[in-house]
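The exercises below are to be worked through with the sequence and the three-dimensional model side by side. Each task is followed by a solution in steps.

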Amino acid sequence: MSAELPAVAAARMAALRSSGTWGSALTADEFAAIRSVGFEPVGQVFGAAVYDAGAAIGYSCPGASGASGASGVPGALVAPGAPPSSGRRAPTGSATRVSGQGGAGSFGPLVQAMDQARHTAVDRLITECAQLGGHGVVGVHVSRGSFLGATQFTVIGTAVRAPGAAHGRSAPFASDLSGQDFAKLIRAGWVPVGLALGLSIGSRHDDRDTNRQARWTSGNAEIVGWTELVSQSRHDARCQLETDVSRLGAEGVVIAAMPMRVRQRDCPATVGRRDHIVETSLIGTAVARFAKTDQRADGPPLAIMSLDPQRRQAARIRL
């Protein structure tokens with residue numbers, strides 16, 4: 001998908017094209033690896049987007065449906081930072097909610113805003129690659145952070161091309177695989193299609209059972225509510241990842257990272273109680289087969305060496 005570049009990025013692309021030189025974030029080993037399968041770097045590319053997701057945040061306690069919110073209206077949304085209700089009505093709904101389920105008061109709108117920011121950043125990365133004449137981007141690093149209260153997504157990688165290969169109608173691919181892993185994928189008869197991401201934010205109201213199980217006096221006992229929160233959040237993230245892989249038209253995905261962040265906050269609906277919030281991300285490269293065999297293609301062998309100096313030294317001593 002082509003995206004309009006900011007003026008600064010467009011000027012940088014024009015300068016790169018006219019310079020006749022290229023830069024990359026590849027190591028020497030990565031450079032040798034991609035050359036071994038017929039690719040060469042054409043330049044470093046970048047994409048960024050900052051989205052204000054404040055209007056999308058309308059979180060309310062997942063276990064207090066029917067409890068009065070800050071406005072005194074049953075089921076009312078409570079914005080972050082709003083004072084908790086003085087009511088002590090017991091939670092009546094499900095104590096766990098994930099963003100993929102949607103519904104009032106969930107983190108679904110926030111995840112949608114974050115996903116839009118991610119798509120915009122990746123589309124700009126792909127546009128820069130296309131303007132440099134690249135067929136794809138390898139070694140993509142994805143980072144997300146806050147920018148004055150807004151959500152910021154940045155992606156950076158190295159655009160590569162296969163000299164002599166014609167540019168098809170499809171957009172260049174993006175992959176977070178290293179140069180060595182990219183070469184292994186090509187030699188195995190597979191090709192990267194694009195970056196795939198599954199993101200879910202789950203929330204869990206710490207009810208009486210959870211608080212009882214979390215006490216140190218409970219001994220070695222499972223905290224069932226927290227297990228449920230982690231499991232449902234990971235399942236929801238995987239569902240979102242599968243949707244992204246299908247959107248890209250790929251056959252599967254090679255997952256590179258599965259980070260999970262956990263935080264807690266005062267329950268906005270029940271005084272003295274807390275909610276736990278889990279953010280789960282699954283990041284990987286969607287792939288598709290371009291050859292019917294996984295036999296290695298003709299060409300020089302790809303050397304794979306250990307980067308652990310202590311292990312290499314021990315091997316020399318044994319010899």
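**Exercise 1.** Which residue in β5 does Gly 136 stand opposite?

*Solution.* The model is predicted, so local features are taken at pLDDT of at least 70 and side-chain atom pairs only at pLDDT 80 or more, while totals for chains, interfaces and linings use all residues. Residues are numbered from 1 along each chain as its sequence is written, and side-chain values use heavy atoms, with hydrogens and water left out. The residue opposite Gly 136 is Phe 173 in β5, where strands are DSSP runs of E with at least two residues and helices are runs of H or I with at least four, numbered from the N terminus. Strand β3 (residues 136-147) runs parallel to β5 and is joined to it by 2 bridges; two strands pair if DSSP finds at least two bridges between them.

**Exercise 2.** Place β3 and β5 in their sheet, and find the edge strands.

*Solution.* The open sheet has 4 strands in the order β1-β4-β3-β5, with mixed pairing. Its edges are β1 (40-51) and β5 (173-174), each of which pairs on one side only.

**Exercise 3.** Describe helix α3 and its position relative to the strands.

*Solution.* Helix α3 (residues 108-131) has 24 residues and reaches 35 Å from its first C-alpha to its last, close to the expected 34 Å, a span defined as 1.5 Å times one less than the number of residues. Just after α3, Gly 133 takes a positive phi of about 80°. The helix lies across β1, β3, β4 (150-161) and β5, and runs at about 150° to β1; such angles run from 0 to 180 degrees between N-to-C directions, the axes being lines fitted to C-alpha atoms, for helices over the stretch in contact (heavy atoms within 4.5 Å).

**Exercise 4.** Is Arg 204 buried or exposed, and which side chains does its own side chain contact?

*Solution.* Arg 204 is located in strand β6 (residues 190-205). Its relative accessibility is 7%, so Arg 204 counts as buried, the limits being under 20% for buried, over 50% for exposed and partly exposed in between (1.4 Å probe, protein chains only). The Arg 204 side chain makes a polar contact of 2.8 Å with the side chain of Thr 96, and another polar contact of 2.8 Å joins the side chains of Arg 204 and Glu 228. A polar contact is a pair of N or O atoms within 3.5 Å; within protein, one must be able to donate a hydrogen and the other to accept it, and residues adjacent in sequence count only if both atoms are side-chain atoms.
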